[in-house]
Number of protein chains: 2
Amino acid sequence: MTYKRTSARKKIPDKFPSAFQNQLAVDQKAVEEFLKDILSSLKSPPRFLGALFYGALSGGKRLRPFLFLQAVRTLGGNDVSALPVAGALELVHCYSLIHDDLPSMDNAKLRRGIATSHIKFDEATALLAGNALFTLATEVLARASFIPKIQVMLIGRLMRASGAEGMMAGQYLDLMGEKNAFSLEEITHMQALKTGALIEAALLMACDLVEASREEREALSTYGRCLGLAFQIRDDLLDHKNMPHLTGKDGGHDTQKSTFVSLLGVDEASDECDRLIQKALKSLDIFGDKAHLFQQAAHFIVERKH
Amino acid sequence: MTYKRTSARKKIPDKFPSAFQNQLAVDQKAVEEFLKDILSSLKSPPRFLGALFYGALSGGKRLRPFLFLQAVRTLGGNDVSALPVAGALELVHCYSLIHDDLPSMDNAKLRRGIATSHIKFDEATALLAGNALFTLATEVLARASFIPKIQVMLIGRLMRASGAEGMMAGQYLDLMGEKNAFSLEEITHMQALKTGALIEAALLMACDLVEASREEREALSTYGRCLGLAFQIRDDLLDHKNMPHLTGKDGGHDTQKSTFVSLLGVDEASDECDRLIQKALKSLDIFGDKAHLFQQAAHFIVERKH
């Protein structure tokens, strides 16, 4: 039941093994400093502000900020001045996690090994803190010093990815999927909305900011979509490996909802993950050597252990 | 215990008795048509979209859209092209009501005489639908055809009013006030954030859109702040009149939280409401006759029966 390497995977080039992880750590630190500064500037009730800090600064890979900042660099843009966008993306992600963990949603007690926001504080505070982080994401973009036309474009794209045609629809479908088993098509659609939309938006917001060409947009959009879905399949594979008697995504929860592994089986799910990573890598061709960190990020997705 | 008219109130001019209500009805219809169009264009799961319609189009005075549109008209702007801002303001208001009614918040079963969103649908759907309406508010502003610089200003102001330094802080403080009794200063601060911030933003967003003078901004800002607070005191007075054995704001709920009436008594609360309305009316002086609907709106606040 371990992750199976297919012959296709052996073809993936693997130079600069640690450059991606180094850059991820640098971006992580930069985004966290940015978020700390922004949150510290807020005049809010102290305990409420504590809940915002807790929700935004309790670890996490900061993958969306990395993908965004790396896209800016790959497209020849300035990643330092682009930091507010990276911060906004992470704020949206944090908000989605706080709400997703709430009792009426996943009812999760732990996130990244520590108490979820509604356990640490209370349910209402977690709800409102999530809302406030999301609000702050947009405010950060509205107050950044980009050209207004670009700001509006960035905000519009972030909202579209987060809203009723994006992440909210995905979270809704995910919930409904606990009651009615998903088909493969349905779970793919749900994941594309729930996690894929924001990942794709991260890459396309870099394109908006740097005014990328149509080819560059298409390449990064494909990369983002494939990476997001591969990431999710890998999640399901890891869950299955850890808790093979359960088909549900959250090994510890008592749901029996459909996952890529329950629908495809381990081997076919692994192969699908590989196919997606190959497609993601192929889309990077137009960037040549400049894409090597994105290549490594794709490797990371299929090789990660947690 | 009925509402006491003070001598000061008799001085309020009262020409055109129904013009305000006529205009409110016209604006109500325009905003609801706008919201219906926007929601109908969304490609979301049908039941989820149903929850968005339910949350946004189940009645309501549409006071914020009116205040905004009336400010645009008073300042000589075009209210038809300004409609997206009115829609965005109402979407934020609807989102705040859906979340405020949730079991972890006010745990309200009824809103405007019908089931609250989480009763009609379920808690998770209500949570996500609220989020989606808020997201849509910003998207509407980002996609409107104003000058980008103005759009960014409008979005920034709406977010500031809705977030950790505005409405979210107000909702948080309101919750905490159920545990620890408020002082008069604290309840005034809480209400200024919970309901005042968005009402003031509605008026200032009109100023942003029409590029109003500093004097006009200050006048409308004062009007908005006084009106918002007077509205809340009137709410407390009405609740007290309906349920005199309770001091709590929500007559039907078993909380004993502080209200303006519990802190001031009926007579002093009525007088404070009057003083605020007088101050609101006085701030309108610079607009002369153009402000008569705003004057009537202020009358409406103190005379309404529900």
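This is a friendly dialogue on how to read a predicted model of two chains, A and B.

Reader: What should I know before I start?

Author: Residues are numbered from 1 along each chain as its sequence is written, and chains are lettered from A, with ligands numbered from 1, in the order in which they are written. The model is predicted, so to speak of a local feature we need pLDDT of at least 70, side-chain atom pairs count only at pLDDT 80 or more, and totals for chains, interfaces and linings use all residues.

Reader: What is the mean pLDDT of chain A?

Author: pLDDT is the predictor's confidence in each residue, from 0 to 100. For chain A the mean is 90, and 89% of its residues reach 70 or more. Under 50 is where pLDDT stays over residues 1-17 of chain A, and also over residues 246-254 of chain A. For the complex, the predictor gives an ipTM of 0.91 and a pTM of 0.91.

Reader: How are chain B and chain A related?

Author: In general, two copies of a chain are related by a rotation about an axis and a shift along it. Copies are superposed by least squares on the C-alpha atoms of residues with pLDDT of at least 70 in both. Here a turn of 180° and a shift of 0.0 Å along the axis lay chain B on chain A with an RMSD of 0.0 Å. That is the relation of a two-fold axis. The C-alpha of B:Pro148 is the one in chain B nearest the axis, 2.6 Å from it.

Reader: How many residues does the contact take from each chain?

Author: Two residues are in contact if their C-beta atoms, placed from the backbone, lie within 7 Å. The contact takes 41 residues from chain B and 41 residues from chain A. Of the helices in chain B, H7 (123-143) gives the most to the side that touches chain A, with 13 residues. Helices (H or I, at least four residues) are DSSP runs, numbered from the N terminus. The side of chain B that touches chain A divides into 22 nonpolar, 12 polar and 7 charged residues. Here Ala, Val, Leu, Ile, Met, Phe, Trp, Tyr, Cys and Pro count as nonpolar, Asp, Glu, Lys and Arg as charged, and the others, Gly among them, as polar. Because 100% of the interface residues of chain B are also interface residues in chain A, the copies meet through the same surface.

Reader: Is A:Arg62 buried or exposed?

Author: A residue is buried if 20 or more other C-beta atoms lie within 10 Å of its own, exposed if 12 or fewer, and partly exposed in between. A:Arg62 counts as buried because it has 23 C-beta neighbours inside 10 Å. A:Arg62 sits in the loop between helix H2 (46-56) and helix H3 (63-74) of chain A.

Reader: What is the phi of A:Arg62?

Author: Most residues other than glycine have a negative phi. A:Arg62, which is not glycine, has a positive phi, near 60°. A:Glu211 also has a positive phi, of about 50°, although it is not a glycine. A:Glu211 is in the loop between helix H9 (184-210) and helix H10 (214-242) of chain A, and is exposed, with 12 other C-beta atoms within 10 Å.

Reader: Which residues does A:Ser283 touch?

Author: Not counting residues up to four places away in sequence, A:Ser283 touches A:Ala219, A:Thr222 and A:Tyr223. A:Ser283 is found in helix H12 (residues 266-283) of chain A, and counts as buried, with 21 C-beta neighbours inside 10 Å.

Definitions and conventions. Helices (H or I, at least four residues) and strands (E, at least two) are DSSP runs, numbered from the N terminus.
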